[in-house]
Amino acid sequence: EFWRIVSGPRSAAAFRLTFAAAFCAALINAVFGFIVAWVLVRHRFPGRRLADALVDLPFALPTSVAGIALAAICSPRGWVGALLAPLGIRLAYTPAGVLVALVFVGLPFTIRTVQPVIADLDRETELAAASLGATPWQTFRRVILPAVRPAILTGFALAFARGAGEYGSVIFIAGNMPMKTEIVPLLIVTRLEEHDRRGATALAVAMLAAAFAMLLAINSLQAWSRRRR
């Protein structure tokens, strides 16, 4: 009965969307989170403190408010959606909208995880590498990346975990169409509203197990990275 519930067509589609979107959003956040953290730490520019404060906006903003705002901005008549509509690109009420919401809520995790590590990097090591003839890419790959890799992986894991369980910011922009834009947390709530406690519990247990497996894999990668250092 458990397997029948979690492997049904509707459940399978919700799992695919939830974890695929969370994984892709975590990858995007890992890359751009590092870039933003690097700029905030290594560069001085007007408005840097304001930009640093805005990083925490998804933490303070209620997720439902974030979802409504993203849906309005990304709709065909919104600021972003109106620019993309002539190109035939839709964000609101599509899987791409789910990805946008998860990137928004997950980005602070990677930035705040990587930022202190970048601040603690020894710049003399980078200068020494450059004086020995290393190119900027070689310095980044052999000096900077090994030092920040564990933090990037931690930020990735946190963003993935947040994305997999996100609810409020997604349901408004996703459109919640079964088999297309329905996420697992919403399907669990739907099952509860239908008084199907077995179905809701089975989905919750399966999602918990999958999230735990992913976090275990990421932690193993972190341990491997520390041993390599």
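**A predicted all-helix model and its cavity**

The largest share of the lining of the largest cavity, three residues, is supplied by helix H2. This cavity belongs to a predicted model, and its volume is about 40 Å³. The count of cavities of 30 Å³ or more comes to one. Helices H2 (9-42), H7 (95-119) and H9 (136-165) are the elements that give two or more residues to the lining. The full set of lining residues is Leu17, Thr18, Ala21, Val98, Leu102, Gly163, Ala164, Glu166, Val170 and Ile183. Sorted by class, the lining holds seven nonpolar, two polar and one charged residues.

The protein around the cavity consists of twelve helices and zero strands. Its pattern along the sequence therefore reads α-α-α-α-α-α-α-α-α-α-α-α, each helix being a DSSP run numbered from the N terminus. The C-alpha trace spans about 65 × 45 × 30 Å along the principal axes of the protein. Of the 229 residues, 41% count as buried. Taking contacts between residues at least 6 apart in sequence, 77% join residues at least 24 apart.

Confidence can be read by element. The average pLDDT of the protein is 88, and 98% of the residues score at least 70. Helix H2, which gives the cavity lining its largest share, also has the highest mean pLDDT among the elements, 93. The lowest mean, 81, belongs to helix H12 (residues 197-228).

Two local features mark the ends of helix H8, which covers residues 123-131. At the N-terminal end, Asp122 acts as the cap: one of its side-chain oxygens lies 3.1 Å from the backbone nitrogen of Glu124. That distance counts as a polar contact because the cut-off for a pair of N or O atoms is 3.5 Å. Just after H8, Gly133 takes a positive phi of about 100°.

A last stop is Ser169, in helix H10 (residues 168-174). Is Ser169 buried or exposed? Its relative accessible area is 0%, so Ser169 is buried, the cut-off for that class being under 20%. Which residues does Ser169 touch, not counting those up to four places away in sequence? They are Thr63, Ala66, Gly67, Ala101 and Val105. Helix H7 spans residues 95-119, and the residues touched by Ser169 include Ala101 and Val105. Val98 and Leu102 are among the residues that line the cavity.

How values were computed: Residues numbered from 1 in each chain as written. Predicted model: local features only at pLDDT ≥ 70, side-chain atom pairs only at ≥ 80, totals over all residues. Heavy atoms only, no water. Polar contact = N/O pair within 3.5 Å; in protein donor to acceptor, adjacent residues only side chain to side chain. Helix = DSSP H or I, 4+ residues; strand = E, 2+ residues; numbered from the N terminus. 1 Å grid on protein atoms, 1.4 Å probe; cavity = no way out; pocket = protein on both sides within 12 Å on 5 of 7 lines; lining within 4 Å. Points joined across faces, edges and corners; volume = space filled by probe spheres on them. Nonpolar A, V, L, I, M, F, W, Y, C, P; charged D, E, K, R; others polar. pLDDT = per-residue confidence, 0-100. Buried < 20%, exposed > 50% of the residue type's maximum accessible area, 1.4 Å probe, protein only. Contact = heavy atoms within 4.5 Å.
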